[in-house]
Amino acid sequence: MKAVIKKKSAKGMEFVEVPVPGIGLKDVLIKVKIASICGTDVHIYNWSKWAQNRFKPPRIIGHEFVGIVTKIGKEVTRVQVGDRVSSESHLYCGHCYQCQNGYIEVCRNYKLLGVDHDGTFAEFFVLPEHVLWKNDPDIPDEWATIQEPFGNAVDTVLSEDISAKTVLILGAGPIGLFATGIARACGASLIILSDPNDYRLNIGKKMGAAIAVNPKKEDIVKIAMDTTKKNGVDVVLEFSGSNQALNQGFKVITPGGRLSLLGIYERSVNIDLNKEVIFKKIRIYGITGRKVFSTWYKTSRFLSSGLVNVSPIITHQFPLKDYEKGMKLMKEGKCGKVILKVGE
Ligand code: NAD
Ligand code: ZN
C-alpha cells in the first residue's frame, strides 16, 4: 500500500510502498477514504523543535480521517466490516485514574495517532476498536474527516454557555474558524475574529464573524471595547498560540468573563494573576483533545443537522501523493482546511 512516512530525523517526508499492517484480536483494519492535514502534521514535516522532542521516526503520520472498516479481529464486537468510521486520536487506555473519572482526553497512558501509532496518511491503517466513531450517514466524507479538530472547537466554545454573549475569537486557523461557526450556531450575539491573515478573516466572515480584524493593521483592543460599549467581551476563545493575542484577550475580557484556551504557546506566558484574573474574577479553561465520546455526539449533530456549514473552511483537496502541496499551503497560511483523497 502507499503511505506518507516520516523516515528520518530531518525536514520532509516520503511517499512510499509499505506492507498492509496486520491486526490483533481487538483491532480493526481501516481503508482510508479521506485524511486531512493538521498543524501537528506540518510540525512533523518541518521537523520543528516540538517534533524533534516528541516524534520518533519511522512513523506513518496523520490522525484525521474517514474510512471503511475492512477487516476485524476475532474479539471485535462494536463495529462490522463496511462501517464508515472516524476515530478519537487520543488512543486512551480506559483503566487509568483519568479514564475512569470522566477525563479520558487526559488519559495518562494515551498514544497519539500518527505520532506514537502509525496514522491515517496511508491506504490502510489499524486501530483498537474502542476508539472508533461510527459516522452519521448524513455527513459527507469531506466533513466527516474534520470531526476530530471540530471537536476541539466544540469543547472550547462550549466550556460554558455562549448564547447571547459577546465573543472575541483569537486566531482564524481551521479550529478558530470552526469555533466561529459553532458560536454563531449557539446564538452568540456578537463575534469578533482576530487574525493577521486576511484570507482566513474572509472565511471567518462567511462563518458568522460580525467583525473581522487584522491586528497588524487595526487596534483590536480598541475595536472590541468600542463595539461592546466599553464593557469588554463576555467570552474570549484563544486559538492562536500567540502571547500577544492572549494579552489582547486579557485586556478586553469583561470582569466576570470567561477565557477558554486551546492554542499552544511556544514560550511560557507571563500574566499578572492579581490584575488580570483574580481581581477581575475571570474563569479560565484549558482545553485539550475532546470529551470522549460526548463531544463526538455534539460534533456529529452540528454537522449532520447543517447547523454549522464547514464547506467554506475546506478550501483545498489533493490526492495523497500530492501531500507536499498541502503542507506548503498550510505553512504559508494560504488555506483553511486541506484534505487528502486517499481511496474510494
Ligand atoms: P493554525 O496554526 O492553523 O491557526 C492559528 C492562527 O492564529 C493562524 O491563522 C495565525 O495567523 C493566527 N495568529 C497568529 N498570531 C496571531 C495573533 N497575534 N492574533 C490573532 N491570530 C494570530 O492552528 P489550528 O489548527 O487552527 O489550531 C489552533 C491552535 O490550537 C494552534 O495553536 C494549535 O497548536 C492548537 N491545538 C491545540 C489542541 C489541543 O488539544 N489543545 C489541539 C489542536 C490544536
Ligand atoms: Zn487512561
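**View 1. The end of helix H1 and the residue that follows.** Just after H1, the residue Trp 47 adopts a positive phi of about 55°, a value that, like every other in these legends, comes from a predicted model. Helix H1 itself comprises residues 39–46, and its buried residues are Asp 41, Val 42, Ile 44 and Tyr 45. When one looks down the axis of H1, these buried residues fall within an arc of 160°, so they line one face of the helix. The cover over the buried residues of H1 includes two strands, E1 (2–6) and E3 (27–36), together with two helices, H2 (49–54) and H11 (323–332).

**View 2. The surroundings of ligand 1.** Ligand 1 is surrounded by 21 residues, of which the closest are Ile 175, Asp 195, Arg 200, Ile 287 and Gly 289. Sorted by character, the residues of this shell divide into nine nonpolar, 10 polar and two charged.

**View 3. Polar contacts of ligand 1.** An oxygen atom of ligand 1 lies 2.7 Å from an N or O atom in the side chain of Asp 195. Backbone atoms take part as well: a polar backbone atom of Ile 175 is 3.1 Å from an oxygen atom of the ligand, and a backbone N or O atom of Gly 289 is found 2.9 Å from an oxygen atom of ligand 1. On its own, ligand 1 has 850 Å² of accessible area, and the protein covers 77% of it. Helix H5 (174–185) and helix H8 (243–252) are the elements that give two or more residues to the shell around the ligand.

**View 4. Asn 152 in helix H4.** Asn 152 is placed in helix H4, which runs over residues 147–157. Because its relative accessible area is 10%, below the 20% limit, Asn 152 counts as buried. The side chain of Asn 152 reaches the backbone oxygen of Gly 289 at a distance of 3.0 Å. Leaving aside residues up to four places away in sequence, Asn 152 touches Ile 175, Leu 262, Ile 287, Gly 289 and Arg 290.

**View 5. Ser 242 in the loop before helix H8.** Ser 242 sits in the loop between strand E14 (233–238) and H8. With a relative accessible area of 25%, Ser 242 is partly exposed, because this value lies between the limits of 20% and 50%. A polar atom of the side chain of Ser 242 lies 3.3 Å from the backbone nitrogen of Gln 244. Measuring from C-alpha to C-alpha, Ser 242 and Gly 336 are 19 Å apart in space, while 94 residues separate them in sequence.

Definitions and conventions. Residues are numbered from 1 along each chain as its sequence is written. Chains are lettered from A and ligands numbered from 1 in the order in which they are written. This is a predicted model: local features need pLDDT of at least 70, side-chain atom pairs count only at pLDDT 80 or more; totals for chains, interfaces and linings use all residues. Side-chain values use heavy atoms; hydrogens and water are left out. A residue is near a molecule or strand if one of its heavy atoms lies within 4 Å of it. A polar contact is a pair of N or O atoms within 3.5 Å; within protein, one must be able to donate a hydrogen and the other to accept it, and residues adjacent in sequence count only if both atoms are side-chain atoms. Accessible areas come from the Shrake-Rupley method with a 1.4 Å probe; for residues, only the protein chains shown count as cover. Helices (H or I, at least four residues) and strands (E, at least two) are DSSP runs, numbered from the N terminus. Ala, Val, Leu, Ile, Met, Phe, Trp, Tyr, Cys and Pro count as nonpolar, Asp, Glu, Lys and Arg as charged, and the others, Gly among them, as polar. Buried means under 20% relative accessible area, exposed over 50%, partly exposed in between (1.4 Å probe, protein chains only). Contact means heavy atoms within 4.5 Å. The arc is that of the directions from the helix axis to the C-beta atoms.
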